[in-house]
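Q: Hi! I have a structure open and I'd like some help reading it. Can we go through it together?

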Amino acid sequence: MGTLSILIWLPILGGLLVLAIGRTSAGKPSSDGAGLRADRLLALVVSVLSFLLSLPLWTDFNAATADMQFVERMSWIRAFNVEYYLGVDGFSMPLVMLTTFLTPIVLLAGWDSVRVRTAEYFAAFLILEGLMIGVFAAVDALLFYVFWEAMLIPMFIIIGVWGGERRIYATVKFFLYTFLGSVFMLIALIYLYLKSGSYSILVFHQLPLSQAEQTLIFLAFLAAFAVKVPMWPVHTWLPDAHVEAPTGGSVILAAVLLKMGGYGFIRFSLPIAPDASGHLSALMIFLSLVAVVYIGFVALVQQDMKKLIAYSSIAHMGFVTLGLFIAWPILARTGSTSGVAMGLSGAMLQMISHGFISGALFLCVGVLYDRMHSRKIADYGGVVNTMPRFAALMVFFALANAGLPGTSGFVGEFMVILASFKAGFWYAFLASITLILGAAYTLWLVKRVVFGAVANTAVASLVDISAREMLILVLVAGGVLWLGLWPAPIADVMSASVDHLATQIMQSKIQAGL
Amino acid sequence: MENIYLAIVLCPLAAALLAGLFGRVIGRAGAHTVTILGVGASFLLSLAVLKAQVLDGEPAFNGTVYTWAVVDGVHMQVGFLVDRLTALMMVVVTSVSLMVHIYTIGYMHDDAGYQRFFSYISLFTFAMLMLVMANNFMQLFFGWEAVGVVSYLLIGFWYTRPTAIFANMKAFLVNRVGDFGFLLGIALILMSTGSLDYATVFAGADAMSGQTIQVLGDSQWSVITLACILLFIGAMGKSAQMPLHVWLPDSMEGPTPISALIHAATMVTAGIFMVARMSPLFELSDTALSVVMVVGATTALFTGFLGVVQNDIKRVVAYSTLSQLGYMTVALGASAYAAGVFHLMTHAFFKALLFLAAGSVIIAMHHEQDIRKMGGLWRYLPITWLTSLIGSLSLIGFPGFAGFFSKDAIIEAVGAAHRTGSGYAWWCLMIGVFVTALYSFRMFFLVFHGAERLDSHAKDHLHEPSMVVWLPLALLAVPSVILGWLTVGPVVFGSYFGDAIFTREINDVLGEGAAEFHGPAAYVLHALTMPVPWIALGGVLCAWYLYLKNPALPERLGKQFSGLHTLLINKYYFDEFNQKVFARGSTALGEFFWHAGDEAVIDSGLVNGSARLVGWASQVVRQLQSGYLYHYAFAMIAGLAVLVGWLLLAG
């Protein structure tokens, strides 16, 4: 078994084992919340082990090539030429690392606060981890699709079982949106298979396609990926899903699941349908800028902390799609590809950064929710008086969310804004509004929740974060700082793949097709 | 040499981390010791750097510390450019910071956040040094935003006060409006020159001046003008130029030591420094320089008027800072960069002095800040009185004092300039001289002279604060007096800056002055034959008559000109306008997008509409299926089967 297989199947099998252990101790109430419980301990060990096992992906990665690395390939369904084909390049490897890094943190976040069906809870996250890594590592499109769809199941369960009051509504909405999108993607994949005789994504990349074919395929992929990002106007499931999800669910949803959308564009839409991507780039940029500006205003008026952060996520993900699709106007305007790679790198870095920051902010809300059982901003005020250590970390993450230089939040936005100026003044102008809006909604949140005099007796009796909570927040803060102060290592890891993609998308596939 | 530069920035950073993260371990004394040692080391090393640059003739240093990232062929680096401009800024920043550190021991001694405060001000020193020592635009932006964040944290230092946490958010957001322009300017420069490094960009400036860019419709805009104006918008935020000045008076909510350090001496002058640093770019655009000049002149005069009606001791000094920043900006706009930076330097000392003196009064008065409740304090606070007098004289440009040389140089330069707007600017500055003297001595007389309007409780405890408070005052008073005399020759009229500042020959307004400059004494004597010192004297006499001789008159005048008085008391209604238009407008827009867009159209219309459609379809087939999710799943799978079938048949 190769590294990638281990990273996929270890958590899944570990999750099943956790379920089994939980079953044997079924009936015993696990309400004390203290002491060592075998199920959660095993889950943590498995997730930490997965992280350690994923380190060779980073250390042994060859940054000089855009080819797939750590490749595993064998036949799976011979009749349809479906393969068990795994590999990572400069785009997927960082996302795999992000997943293995965040999963132990998510498990620790639910350590004490999950009181019902604990074994199932921890198992669901482990299984989800394996499936998410599968999505990033799959080079066979059908294998990708299987992981893509399977991943939704633990996510529904996490929201539907451990969620808030309106969890059923949120789950149905989430399901409806994402499943509807996926169906169109499957059609596109089948079409590409019929045309090429293979499910290898790399073969799809080479496949000549007419403009009409490309457009239909692009739109089919768009249905799947736009929902995941999420792009305006198919974003309304996200605030509901976040509000109802338990803390761990929100963290994974924001930090990793949303990245599937951006990753999908990078892996499928852009290289498979470059002409259609170019043709529709104006639409995509328009939708991205709507996300940045419109959603920024919507975030400003939210009364629920999780909704605010959810809307902030959508606005930040707007930079991902902007960075990806800005390539065509840059080419059209300047006649040069200089700036294209900057936009693509910015998009990728924004995804990684958003994984850290939005994850951290949801962890912060979780810390408060565990104590106060409220997400309403109005119920808080003056938290700094009773929880100074927590307040320091939350202010730090808030500033990172506002794109402060020196934190990861700055890196992607900075590069995308620099690149979009080459596409046109007004693109950069509209994108830069995030500097003001992002600071406004984030700092206003901080002002109302963290600062001020103690607002009420509930806030007065708050207890500062425990060593466990401190640990998880500090770990994420380390990531935020590292990426903000020295993004060179991760930018270098991606650069060969970014350059490769930049040349791929600038080559028409129509010419070859005729 | 590079190690020295690293040590200069890292000493305050290390001290800040120690005091911030281990404040409880090292205690109060530990916190102030470690931060003072850190900043002190920085100060001494900065002096060494200045000496090496000026006396030993060491060439400018330009080097990379580490590569932040290389993306798309653009090398983004963290590195230092240390030339004479930088060295001067480093000494100003670290020396004022050191004074403020010492002063803080006294000012904050009974504050619960003692260690946190020291940590913040040391962190600020680090960020400010990174800003002035940057050799590229990215690091400049880093430092730019980092000082803004520390300012945010310090304005809101007393976080339980509603006014403080409103003021700090306001300060950050208004600065972000400036940064918005600044970032766009950086993006334009990168696009035009392909680099973020100063050296490369300046080398390509000439090529840039020929380029145009399409912004609105088909009209072609000059790239260099647009870039300079965008950069200047950033400076308008940080250096509080109208209309982005609104945050600075409110920033007085922060503790007084940081008002002196951040909101008078250093951070707010970052914009001035930046424009001077970018002189190779600004010099190529007369339009941009005219904009700079007019904005600066407007700020210099109109914020000065506001200082005359303020009654909070710190706010008077704050409006004075705004006005003086306007003077510096005008100097830049007149291409007299050296004079602007010179005023920056003298102002850093005398304004820090005035703020710290105000703080001394505030401590003595038990945190009373209303000058109407003071009066006659000279008897109780002799050192504060004397140092305040020195600071005020320097501020109004009393001949021979530091502020005199710098202000006079600016006014002369503007008089010699022929740029569009220079006539307007000159008048603003001349009237400004009178206004400056009026508000400065209004405050000085109301606080230290005249009738004692204190309540008896305050009076019992009134005495000069401890040595850690008055020592920095005394030390700052020295440069406030002599600095101009010593340095005006080389800095303004000599070749101190060398290559650090670029001026086109045609714009060399200081050159005329240089030809007539025969030493500081002759300069002072010559100035006495000019109107400026006499206008200032008129302002002082006016203040004396209004607030000491005939104290009932100001109130009568206020009633007489009630319209004007109301306008000034309400600060020209900038705050109301921003609150009503921008703040309320944004939330209204947010509510509209949320309720009308997300909820009504997308959710109720599209999502729940299709859910209802699916629901209706599942009603039809309910005999076949039951359960929640499967209703929807079934409809989809059925549709999928049809589509796949169709594809297979068609294919």
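Q: Where do we start? What is the secondary structure of chain B?
A: Happy to help! This is a predicted model, and in it chain B has 28 helices and four strands.

Q: What is the radius of gyration of chain B, and how does that fit a compact globule?
A: Chain B has 29 Å, and a compact globule with 651 residues would be near 26 Å, so the two agree. Along the principal axes, the C-alpha atoms of chain B fill a box of roughly 100 × 65 × 60 Å.

Q: And how many of the residues of chain B count as buried?
A: Of its 651 residues, 57% are buried. As for contacts between residues at least 6 apart in sequence, 80% of those in chain B join residues at least 24 apart.

Q: New topic: Glu516(B). Which helix is that in?
A: Glu516(B) belongs to helix H22 of chain B, residues 509-516.

Q: Is Glu516(B) buried or exposed, and why?
A: Glu516(B) is exposed, because 11 other C-beta atoms lie within 10 Å, and a residue with 12 or fewer counts as exposed.

Q: How far apart are Glu516(B) and Phe493(B)?
A: In sequence they are 23 residues apart, and in space their C-alpha atoms are 9.4 Å apart.

Q: Now the contact between the chains. How many residues does each chain give?
A: Chain A gives 54 residues and chain B gives 55. On the chain A side, H6(A) provides the largest share, with twelve residues.

Q: What classes of residues are on that side of chain A?
A: The side of chain A that touches chain B has 42 nonpolar, nine polar and three charged residues.

Notes: Residues numbered from 1 in each chain as written. Chains lettered and ligands numbered in written order. Predicted model: local features only at pLDDT ≥ 70, side-chain atom pairs only at ≥ 80, totals over all residues. Contact = placed C-beta atoms within 7 Å. Helix = DSSP H or I, 4+ residues; strand = E, 2+ residues; numbered from the N terminus. Nonpolar A, V, L, I, M, F, W, Y, C, P; charged D, E, K, R; others polar. Rg over C-alpha atoms; globule rule 2.2 N^0.38 Å. Buried ≥ 20, exposed ≤ 12 C-beta atoms within 10 Å, placed from the backbone.
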